[in-house]
Amino acid sequence: MAKTTVKAPFGQSDISIETGELAKQAGGAVLVTMGDTVVLVTAVGGKSPRPGVDFLPLTCEYIEKQYAAGKIPGGYFKRESRPGPWEILNARLMDRPMRPLFPKTWRCEIQLIATVLSFDRQNDAAICAVVGASAATVISDVPFAGPVGACRVCLINGKYVINPTFAEQEGAKLNLVVAATADAVTMVEGEGAEASETEMVDAIVAAHEAIKPIIKLQETLRAKVGKEKRTVEEPVVDADLFHKVVDLALDPVADALAITAKKARSKAVSEANARVLATLVDGDAALADRTAEIYDYLHRVQRDIVRTQVVEEGVRIDGRRPADIRPIMCKLDVLPRTHGSALFQRGETQALGTVTLGTRRDEQRIDNLFGDRFEPFMLHYNFPPFCTGEAKMLRGTSRREIGHGNLAYRGIAATLPSHEDFAYTIRVVGEVLESNGSSSMATVCAGSMALMAAGVPVKRPVAGIAMGLIQEDGKTAVLSDILGDEDHLGDMDFKVVGTREGITALQMDIKIKGLSRKILVQALEQARRGRLHILEEMAKAIESPREDLSGHAPRIVSMYVKPDRIRDIIGPGGKTIRGITEQTGCVIDVDDTGKVTIASPDDVAAQKARAIIESLTEEPEVGRIYHGTVRKILDFGAFVEILPGTDGLVHISELADHRVARVEDVLTEGDEVAVKCIGVDRQGKIRLSRREALAEQAEE
């Protein structure tokens with residue numbers, strides 16, 4: 001196949017999608033280029049259904065090759081290994097808008113792989129990956145209801161900028177990644193500096209308009225080189241059997257769904273389903289081989305009951321109205337030795353937040369295409385199987401945990417003080433202990449309270465809420481603080497994090513077409529009211545940071561010295577700084593700018609270390625009298641050490657108020673002598689006077 005390329009302007013740059021030259025054995029392969037950022041994306045569909053699965057077997061991978069930025073991987077193994085958190089987050093950006101567009105009944109493996117081959121540190125490879133995932137699938141033989149496009153939109157100086165460079169993104173009031181089809185937005189992911197709901201809506205609309213030409217670009221490519229799509233086997237509904245299931249299940253399943261407690265409701269629904277199945281099999285033994293089909297019909301019944309009850313009666317599974325928030329309980333200082341801890345419970349969702357404060361040595365080192373950097377704030381989200389009453393193997397941090405933790409991280413990070421104002425490394429851990437919807441948002445609430453309990457001077461408390469949506473028969477219901485079942489059976493999962501002033505993080509996944517601006521505005525406004533209610537409940541436990549840090553947290557003292565005095569603190573081979581550490585027990589860090597950070601649980605020890613460093617780096621002050629030591633005598637004068645490692649010259653004419661014939665007549669090496677600093681020249685040479693010091697002391 002000959003190489004085919006399509007191009008179009010795309011925000012701050014142009015985008016080109018090329019196919020036909022690389023990876024030709026894949027079902028679909030495209031090379032997406034923006035500036036000098038180049039990403040190869042392939043789509044491959046399995047030839048036969050995966051046995052024993054009742055879900056769409058889709059996997060998305062995003063792989064950064066270090067050579068793309070002219071780097072050799074760090075560490076002992078000089079090759080790329082398992083994906084880092086940022087790669088997993090970008091893989092999720094590919095997965096979330098693509099997954100709803102595949103046939104629900106498709107059971108063949110689908111694998112999408114984005115490989116970053118070149119990175120210019122200007123154009124976002126993640127945007128190339130999402131566009132490429134769609135384009136590669138569009139031209140493949142895998143059935144797909146796309147194309148889908150994506151872009152980044154930032155609010156910079158009052159203007160919405162599409163695909164700004166990474167440098168331009170710094171300081172943006174709002175930063176979103178938006179994915180959409182030609183008809184509807186399907187995914188939103190991003191953050192804000194307390195942005196308003198109106199600013200969020202306008203940004204999403206602006207992004208959708210920018211994406212539409214990229215959709216047309218993919219349609220042009222499909223028209224030129226697209227393969228014939230494989231046939232999708234539509235599910236066959238046995239009308240007679242379906243109606244039997246409905247007749248038997250409608251009342252008992254509705255009664256079971258009316259139980260408000262999650263575990264009791266789940267048990268009652270399972271028992272009702274089991275009775276329906278047993279009744280059907282008793283009437284016709286041949287139906288024993290059609291259990292999966294019957295359970296699919298039972299799931300439809302459950303879905304229809306829940307959705308109809310919400311849109312028709314305004315009543316949810318647990319009896320709440322659409323805008324109601326579940327009961328909230330907040331508790332502080334639940335752990336005795338952590339630097340900060342808080343428990344947040346909302347309905348049947350419970351999160352324990354802990355805060356640990358550390359020094360610069362505790363910062364996380366990140367090695368990616370941007371180079372090495374150190375991160376002073378970390379948030380780790382844990383979702384163990386017991387929180388949903390399940391028993392599963394623990395196999396390390398899941399992609400879901402990384403994704404939900406990143407949302408909570410962005411929501412809280414916007415409220416933290418700058419590292420210059422609060423020189424601690426901060427680690428927040430969210431332990432989900434119970435879950436029935438919105439566990440990541442509960443983590444935000446618990447984490448915010450734990451930070452205030454630890455004495456971290458956050459700008460404002462922050463809270464999160466998960467919203468849902470149900471559209472049925474032309475009617476729409478927006479749900480606040482959704483349950484797990486409402487997330488599963490609904491049409492939208494919409495998480496909003498923010499303070500009383502505005503939004504700090506946003507994540508939205510939409511399963512339907514044609515979400516209007518009106519509904520989006522309603523959902524954001526309802527989320528704002530719910531967020532304010534949650535913040536009020538949190539304020540009953542704590543509403544501002546404590547004035548003092550935990551007694552178990554290290555005390556950090558920061559000071560600055562001239563960069564050329566750093567060597568005086570370090571000493572030969574690090575001898576001096578090791579001596580200060582041994583003498584005081586403090587952890588001392590010095591950076592290239594001259595910033596010195598002293599950390600110790602004992603404030604007295606920290607101040608002692610500071611005094612030692614000040615004495616080592618003190619600059620001579622003109623007009624001040626020092627008591628120094630004579631280090632060397634020459635014919636024309638003597639060198640006197642007035643500060644550690646700092647000598648000045650007392651000229652022979654400044655030794656006394658009378659003429660001195662020989663320096664040795666007045667001074668001897670090792671003498672302790674009072675001298676006055678009378679000048680420092682441009683080269684840093686210090687002039688001292690014993691004569692003036694004696695005269696001043698005599699006057700006193």
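**D333**

I started with D333, which sits in the loop between β11 (328–332) and β12 (340–346). This is a predicted model, and I read every value below as computed from it. D333 is not a glycine, yet its phi is positive, at about 55 degrees. I then checked its accessibility: the relative accessible area of D333 is 45%. D333 is therefore partly exposed, as the exposed class begins over 50%.

**N157**

I looked up N157 next, for its backbone. N157 has a positive phi of about 55 degrees and is likewise not a glycine. I found N157 in the loop between β7 and β8 (159–162). Is N157 buried or exposed? Its relative accessibility is 75%, so I entered N157 as exposed.

**The G146–P147 bond**

I went to the peptide bond joining G146 and P147 and noted that it is cis. Omega for this bond is about 10 degrees. P147 belongs to the loop between α2 (125–138) and β7 (149–156). Strand β7 also borders the loop of N157, on the way to β8.

**N406**

I turned to a helix residue, N406, in α8 (residues 399–413). The relative accessible area of N406 is 19%. Since buried means under 20%, N406 is classed as buried. Which residues does N406 contact once its neighbours within four places in sequence are set aside? I recorded L89 and E189. I also took the distance from N406 to R307, which lies 99 residues away along the chain. Their C-alpha atoms are 31 Å apart.

**The cavity**

I searched for enclosed space and got a count of 1 cavity of 30 Å³ or more. The volume of the largest cavity is about 40 Å³. Its lining consists of E18, T19, G20, E21, L22, A29, V30, L31 and L40. I sorted these lining residues by type and obtained 5 nonpolar, 2 polar and 2 charged.

Which strands each supply at least two residues of this lining? I noted β2 (13–19) and β3 (28–34). The largest share comes from β3, with 3 residues.

**The whole chain**

I finished with totals for the protein chain. How many helices and strands does it have? I wrote down 15 helices and 29 strands. The radius of gyration is 34 Å, against the 27 Å that the globule rule gives for 700 residues. The value for this chain is well over the rule, so I noted the chain as more spread out than a compact globule. Taken along the principal axes, the box filled by the C-alpha atoms is roughly 125 × 65 × 45 Å.

I then looked at burial and found that 53% of the 700 residues are buried. N406 belongs to the buried class, whereas N157 counts as exposed. For the accessible surface I noted about 32700 Å². Carbon and sulfur atoms account for 50% of that surface.

My last entry concerns contacts in the chain with a separation of 6 or more. Of these, 69% are between residues 24 or more positions apart.

Methods. Residues numbered from 1 in each chain as written. Predicted model: local features only at pLDDT ≥ 70, side-chain atom pairs only at ≥ 80, totals over all residues. Heavy atoms only, no water. 1 Å grid on protein atoms, 1.4 Å probe; cavity = no way out; pocket = protein on both sides within 12 Å on 5 of 7 lines; lining within 4 Å. Points joined across faces, edges and corners; volume = space filled by probe spheres on them. Helix = DSSP H or I, 4+ residues; strand = E, 2+ residues; numbered from the N terminus. Nonpolar A, V, L, I, M, F, W, Y, C, P; charged D, E, K, R; others polar. Rg over C-alpha atoms; globule rule 2.2 N^0.38 Å. Buried < 20%, exposed > 50% of the residue type's maximum accessible area, 1.4 Å probe, protein only. Contact = heavy atoms within 4.5 Å. Areas by Shrake-Rupley, 256 points an atom, 1.4 Å probe, with all protein chains shown as cover.
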